[in-house]
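User: I am in my first year and would like a close look at a single part of this model, namely its salt bridges. Please take them slowly, and then show me how they sit within the rest of the chain.

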Amino acid sequence: METSSNGKIKLTDCIRIILFQSHGESESETYAFYQHNRSTLFRSKADRFNFSPHYYRLHSAILDFECIYHNHPDIDAFDIVHKKAGDEVTMLSRSQFAKWSVEFYENDGQRANEIKDPINVAYVSHNFLEYLDQDSEYSLFNKDFVRNSFAHQFDCIHLLMKRKNYHFSADTTVKEFYRDIIRDLYPELSAHDQNLLWKFFRRHALRLIN
């Protein structure tokens, strides 16, 4: 996953996480199929792609994304233009996102504006991850555990570590862990909570090593 913009997550990264949850390491093959065929993938039927399983995986992942997004009003979508002087951020309404969604999907999460301007990139708020299936095989908790908001943070960070194939070593500092992982999701997390998360995942990683 690429670094998010001020705690926001790229639309394409959300889709990749959904694919990774469902298909593990083969997510990269499906995403390569998407990038190769994205200009026609959403305007053609499966027979054009020889009924490839990747076709169905992508459409399923996008349906999962839209189901979560449209059913949780506290998830926000954003249209961001990255400029040297600072990002130009526009929050999208549900109708605006629906209007541009196919363009975003066909262009790897981007859409064109004025030729002279940089490309617009689609992001969603980081709480999107908190609504993903908590019974995922990558969850830190069993399905009977009732999660509070802090437990959700542990699960989201753990999922991002899995997605990045992040290796936590005995030498990883709090500052490095914040820069590499925590900042992507929770850029305003207090130093106390950063340290708590670092201690937990450091202990977890060292236990697996030993």
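Analyst: Let us begin with arginine 179, which forms a salt bridge with aspartate 180, the closest N and O atoms being 2.9 Å apart. Arginine 179 has a relative accessibility of 43%, and because exposed begins over 50% while buried means under 20%, this residue counts as partly exposed. This is a predicted model, and within it the count of salt bridges comes to four. Side chains of opposite charge can pair when their charged atoms come close.

A second pair joins glutamate 27 to arginine 16, and here the closest N and O atoms are 2.5 Å apart. This salt bridge links distant parts of the chain, since glutamate 27 belongs to helix H2 (residues 27–41) and arginine 16 to helix H1 (residues 11–23), with their positions 11 residues apart in the numbering. Both glutamate 27 and arginine 16 are buried.

A third pair is made by arginine 43 and glutamate 106, whose closest N and O atoms are 2.5 Å apart. Distant parts of the chain are linked here too, for arginine 43 lies in the loop between H2 and helix H3 (53–71), whereas glutamate 106 is in helix H4 (residues 94–106), and the two are 63 residues apart. The surroundings of the two partners can be read from their accessible areas: arginine 43, at 63%, is exposed, while glutamate 106, at 10%, is buried.

The loop that holds arginine 43 also contains phenylalanine 51. The phi angle of phenylalanine 51 is near 55°, a positive value in a residue other than glycine, and with a relative accessibility of 53% phenylalanine 51 counts as exposed. Another positive phi, also near 55°, is found at aspartate 108, which lies in the loop between H4 and strand E4 (110–111). Aspartate 108 has a relative accessibility of 22% and therefore counts as partly exposed, given that buried means under 20%.

The helices named so far also take part in the interior of the model. There are two cavities of 30 Å³ or more, and the second largest has a volume of about 40 Å³. Its lining consists of Thr12, Ile15, Tyr31, Tyr34, Phe42, Leu58, Ile62 and Tyr105, and the elements that give two or more residues to that lining are H1, H2 and H3. Sorted by class, the lining of this second largest cavity has seven nonpolar residues, one polar residue and no charged ones.

The largest nonpolar core has 52 residues, and those with the most contacts inside it are Phe65, Phe97, Phe128, Ile157 and Phe177. Among the elements that give two or more residues to this core are H1, H2, H3 and H4, together with helix H6 (174–185). The element that gives the most is H3, with seven residues. In soluble globular proteins, nonpolar side chains tend to be buried together.

Finally, a careful reader should ask how confident the prediction is. The mean pLDDT of the chain is 82, and 84% of its residues reach 70 or more. Among the elements of the chain, H2, where glutamate 27 is found, has the highest mean pLDDT, at 94, whereas helix H5 (residues 149–164) has the lowest, at 75. Where pLDDT is low, the predicted coordinates should not be read in detail.

Conventions: Residues are numbered from 1 along each chain as its sequence is written. This is a predicted model: local features need pLDDT of at least 70, side-chain atom pairs count only at pLDDT 80 or more; totals for chains, interfaces and linings use all residues. Side-chain values use heavy atoms; hydrogens and water are left out. A salt bridge is a side-chain nitrogen of Lys or Arg within 4 Å of a carboxyl oxygen of Asp or Glu. Helices (H or I, at least four residues) and strands (E, at least two) are DSSP runs, numbered from the N terminus. Buried means under 20% relative accessible area, exposed over 50%, partly exposed in between (1.4 Å probe, protein chains only). pLDDT is the predictor's confidence in each residue, from 0 to 100. On a 1 Å grid over the protein atoms alone, a cavity is a set of points where a 1.4 Å probe fits but cannot get out, and a pocket is an open set with protein on both sides within 12 Å along at least five of seven lines; lining residues have an atom within 4 Å of a point. Grid points are joined across faces, edges and corners, and a volume is the space filled by probe spheres set on the points. Ala, Val, Leu, Ile, Met, Phe, Trp, Tyr, Cys and Pro count as nonpolar, Asp, Glu, Lys and Arg as charged, and the others, Gly among them, as polar. A nonpolar core is a set of buried Ala, Val, Leu, Ile, Met, Phe, Trp, Tyr and Cys residues joined through side-chain atoms within 4.5 Å.
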